[in-house]
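Let's take a walk through a protein model together. Keep the picture open while you read, and look for each part as we get to it.

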Amino acid sequence: MFEEQNSGAKTEQKLEQKKAIRGDDTKPVHEWTPERVAELTKLWASGLSASEIGRRLGVTKNSVVGKVRRLNLAMRRQPTTPKPQRKIVTLDSLKANMCSWPEGEPGKEDFRFCGVPAEPGKPYCTDHCAIAYVPNTKKKQSAAA
Ligand SMILES: [Zn+2]
């Protein structure tokens with residue numbers, strides 16, 4: 001029996017150091033351990049949203065997205081960016097039910113038609129009808145005056 005308390009304290013200190021190095025349960029939750037990275041990869045592949053994954057792993061959505069980027073995981077299609085590629089509607093592909101509002105300069109390569117579904121009985125879509133059939137109140141007023 002000698003310095004039992006002391007040696008005990010020392011052992012504890014050593015353990016703490018070991019823990020810190022090994023990063024046991026003392027590790028902050030937000031760190032990406034291999035296990036957590038594996039979990040992230042799995043959840044990401046399963047199609048969960050970044051915020052949902054973050055909730056499950058106890059990190060922020062940004063943290064998930066950042067980690068996914070660093071891991072070079074295949075970025076999934078973002079549901080918030082649907083931006084459909086509008087195909088170029090030329091005179092050849094213009095159909096009767098399509099908006100025939102011309103865009104660009106006639107004769108030039110980028111000349112095209114609006115091409116979105118037109119209003120029933122009208123040659124233009126809702127937006128272009130609003131432009132085409134804008135009530136010309138100014139003219140009427142000046143004509144009346
Ligand atoms: Zn249009």
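Before anything else, how far can you trust what you see? This is a predicted model, and its protein chain has a mean pLDDT of 78, with 64% of the residues reaching 70 or more. That score isn't spread evenly: among the elements, helix α1 (residues 4-22) has the lowest mean pLDDT, 55, while helix α3 (residues 50-57) has the highest, 95. Where pLDDT is low, the predicted coordinates should not be read in detail. So go easy on the fine points of α1, with its mean of 55.

Now for the overall layout. The protein chain has six helices and two strands. If you trace the chain along its sequence, you meet them in the order α-α-α-α-β-β-α-α. Of the 145 residues, 12% are buried. And if you take the contacts with a separation of 6 or more, 24% of them link residues 24 or more positions apart.

Next, find helix α2, which covers residues 34-45. Here's a little check you can follow: at 1.5 Å a residue, its 12 residues should span 16 Å, and the C-alpha atoms at its ends are indeed 16 Å apart, so the two agree. After α2 comes Gly47, which has a positive phi, near 95°.

Carry on to α3 and helix α4 (residues 61-71), which pack against each other. How do you describe a pair like that? Two packed helices are described by the angle between their axes and the distance between the axes. For α3 and α4, the angle is about 105° and the axes are 7 Å apart. Angles from 65 to 115 degrees count as roughly perpendicular, which is why these two helices get that label. On the α3 side, the contact is made by Ala50, Ser51, Ile53 and Gly54; on the α4 side, by Lys61, Ser63, Val64 and Val65. Sort the residues of this contact by type and you get four nonpolar, three polar and one charged.

Last stop: Leu94, in the loop between α4 and β1 (102-103). Is Leu94 buried, exposed or partly exposed? It has 16 C-beta neighbours inside 10 Å, so it counts as partly exposed. Leaving out residues up to four places away in sequence, Leu94 touches Val89, Ser100, Phe113 and Gly115. Take Phe113: it sits 19 residues from Leu94 in sequence, yet their C-alpha atoms are 7.3 Å apart in space.

Methods:
Residues numbered from 1 in each chain as written. Predicted model: local features only at pLDDT ≥ 70, side-chain atom pairs only at ≥ 80, totals over all residues. Helix = DSSP H or I, 4+ residues; strand = E, 2+ residues; numbered from the N terminus. Buried ≥ 20, exposed ≤ 12 C-beta atoms within 10 Å, placed from the backbone. Contact = placed C-beta atoms within 7 Å. pLDDT = per-residue confidence, 0-100. Axes fitted to C-alpha atoms, helices over the stretch in contact; angles between N-to-C directions. Parallel < 35°, antiparallel > 145°, perpendicular 65-115°, else oblique. Nonpolar A, V, L, I, M, F, W, Y, C, P; charged D, E, K, R; others polar. Expected span 1.5 Å × (residues − 1).
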